[in-house]
Amino acid sequence: MDYARPLYWVPWNIILLPTVYPSSTINRRLQPMRSVNFILLPLLLSLAFGLLGTLQANSIETSVRVNQAEVDAWNKFAESLLTVHNTIVAKVDTKTAKGYGSYGGEYSKNYRFLEENYIDKNSNNLLSRIRWHNKKNNLLHTIEIFIYDSNNKLIRDYVAAYLPYDRNAPFQTLINFHAYDNGLHAYRQFDASGERIFEKCEGTLWGGDVSLSLEEYEMPEKPFDYTGTYLACFSDLPLSAGMYLDPLAEIKQKTSYPVFSTKNGPSAPDDYHEAITYYSDLLATQPNNIIAYIKRAHAYLGLYEFEKSIADYSTVIKLNREFDEAWFGRGLAYGRNRQFILAIQDLSEYIRRNPDSSKAYTKRGVRYIWMGKLKHAKKDLIRAIELDAGNAEANDDVGVLYAQEKQYLKAIKHFQASINSDPAYQKAYHNLALAYYLTNKNMLAMRNVNKALELNPVSKNSTLLKAEILRHGGHEQEARKLASDASLMNESNWSEIMSPAENH
């Protein structure tokens with residue numbers, strides 16, 4: 001990980017602020033204060049958090065009641081982070097990047113700091129970031145700690161920050177828990193008092209973009225009663241900070257670094273058997289957990305256990321008909337199970353709810369192809385491309401339909417568009433090679449079939465196509481050998497992109 005790059009950015013330069021602060025953890029509670037006159041901000045922070053005691057603002061002395069228990073807890077939180085930092089860097093081969101800076105804003109511009117970034121030499125992960133008073137090395141301004149799993153994904157991070165001009169207690173303490181579900185990255189934020197204060201999720205889900213940012217007042221009180229995208233984003237995140245309210249939990253009873261992990265379920269998308277075991281155990285105690293059913297359904301689909309996948313998607317729909325992803329997933333599973341009419345019905349329902357989903361039109365179009373309804377298929381695939389010109393699968397499949405109509409120039413155009421969108425799409429290279437072969441462009445055909453075989457050396461169809469191209473070029477002996485090799489290969493007859501990871 002590039003230690004200088006923020007993972008997510010929330011401007012806070014109205015408060016302190018360094019013009020170059022690349023923090024990944026900024027407390028959104030302070031956002032409504034953006035328009036406040038800076039001279040009054042320390043007073044407002046004091047009123048908001050009950051931490052700063054007595055201060056002067058614009059020559060007016062104001063007293064506030066201090067919540068001493070919270071002061072003590074938040075100071076202990078910051079001290080514990082420093083202990084975690086010292087423990088980690090003592091056990092890990094690190095490199096350090098240092099630099100001086102100053103805070104922005106009228107009230108803080110005279111405060112300078114020394115910033116130290118500690119990076120794991122092996123993984124290049126940022127382990128911690130600390131800011132000290134530039135002349136008092138033992139005076140802490142800010143400390144951040146980053147915790148990763150065995151796949152080098154950030155799973156937790158912490159921050160404690162003091163105002164440079166007031167040392168009663170940190171004005172900000174945060175714990176962030178991160179979760180990843182293929183195209184999604186979500187985090188849930190708590191403060192050191194255990195309050196859930198912010199949630200954010202970004203990425204892609206079912207072919208569409210996701211961007212959720214929820215303040216305290218926007219969060220559902222009972223997250224597992226929520227539907228759709230929210231569950232896909234946040235269901236694997238803890239509902240409380242738990243033992244991590246004490247950051248020393250990262251190093252207690254640990255014999256060595258790394259100090260992870262808080263795995264809430266299978267993280268590897270291909271580990272479908274583990275997923276099924278995990279979510280089956282979860283459902284034994286939480287029989288109405290929709291997200292557990294949907295994820296087990298994905299796993300069954302990945303293992304081609306279509307009946308079981310359909311059963312789980314159906315359970316989700318029975319529990320909550322508004323869970324759109326279940327209609328989509330069941331439509332995929334029905335199609336794979338050759339129940340094409342039911343597949344079309346479910347995907348049509350999904351399209352009714354999500355009329356701008358290029359992927360849904362693509363998948364319905366593929367199922368029309370399997371049914372032999374090529375006019376319906378072509379209409380859906382063209383619509384998919386209208387919605388997303390970079391849809392590699394739709395371009396490839398509509399290219400096949402044009403090739404069947406012997407409109408080879410149009411077919412080639414779409415195969416090439418598919419490759420341009422996804423240079424690793426093996427089937428598009430195969431189809432482009434076939435189109436060139438049928439139009440007597442053997443050199444281009446050979447170039448593209450070779451690329452298809454680079455991507456999948458055991459593709460039976462591509463091996464047979466190369467043998468035919470060689471035979472057409474007069475290389476009979478080599479063609480016979482390739483055809484013999486192909487006879488030992490297996491070939492899937494599915495005509496769609498179907499990595500179950502896409503469906504999460």
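This is a short talk on one protein chain and three places in it.

Okay, let's start. What you see is a predicted model. The chain has 504 residues, and 54% of them count as buried. It holds 16 helices and 11 strands. The exposed surface comes to about 23400 Å². Carbon and sulfur atoms supply 49% of that area.

One more overall number. Take the contacts in the chain with a separation of 6 or more. Residues 24 or more positions apart account for 50% of them.

First stop: helix α4. Find residues 272-285. How far apart should the ends of these 14 residues be? At 1.5 Å a residue, the helix should span 20 Å. The end C-alpha atoms are 20 Å apart, so the model agrees with the expected span.

Now, which residues of α4 are buried? They are Y272, A275, I276, Y279 and L283. Looking down the axis of α4, these buried residues fall within an arc of 95°, so they line one face of the helix. Why does that spacing work? An α-helix has 3.6 residues a turn, so residues three or four places apart point the same way.

What does the buried side meet? The buried residues of α4 pack against α5, which covers 290-302. Turn to the other side of α4. There, H273, D281, A284 and T285 are exposed.

Second stop: R129. Look in strand β5, residues 126-133. Is R129 buried or exposed? R129 has a relative accessible area of 3%. The cut-off for buried is under 20%, so R129 is buried.

Which side chains does the side chain of R129 meet in polar contacts? One partner is N117, with a polar contact of 3.1 Å between the two side chains. Another is E144, whose side chain joins that of R129 in a polar contact of 2.6 Å.

Last stop: T229. This residue is found in helix α3, residues 229-234. T229 has a relative accessible area of 29%. Buried stops at 20% and exposed begins over 50%, so T229 is partly exposed.

Which residues does T229 touch, leaving aside its neighbours within four places in sequence? It is in contact with L205, V210, L212 and E325. Here is one more pair to find on screen: T229 and C201. In sequence they are 28 residues apart. In space, their C-alpha atoms are 9.5 Å apart.

So, to recap. The buried residues of α4 line one face and pack against α5. R129 is buried, and T229 is partly exposed. That's it from me.

Notes. Residues are numbered from 1 along each chain as its sequence is written. This is a predicted model: local features need pLDDT of at least 70, side-chain atom pairs count only at pLDDT 80 or more; totals for chains, interfaces and linings use all residues. Side-chain values use heavy atoms; hydrogens and water are left out. Helices (H or I, at least four residues) and strands (E, at least two) are DSSP runs, numbered from the N terminus. The expected span of a helix is 1.5 Å times one less than its number of residues. Buried means under 20% relative accessible area, exposed over 50%, partly exposed in between (1.4 Å probe, protein chains only). The arc is that of the directions from the helix axis to the C-beta atoms. Contact means heavy atoms within 4.5 Å. A polar contact is a pair of N or O atoms within 3.5 Å; within protein, one must be able to donate a hydrogen and the other to accept it, and residues adjacent in sequence count only if both atoms are side-chain atoms. Accessible areas come from the Shrake-Rupley method with a 1.4 Å probe; for residues, only the protein chains shown count as cover.
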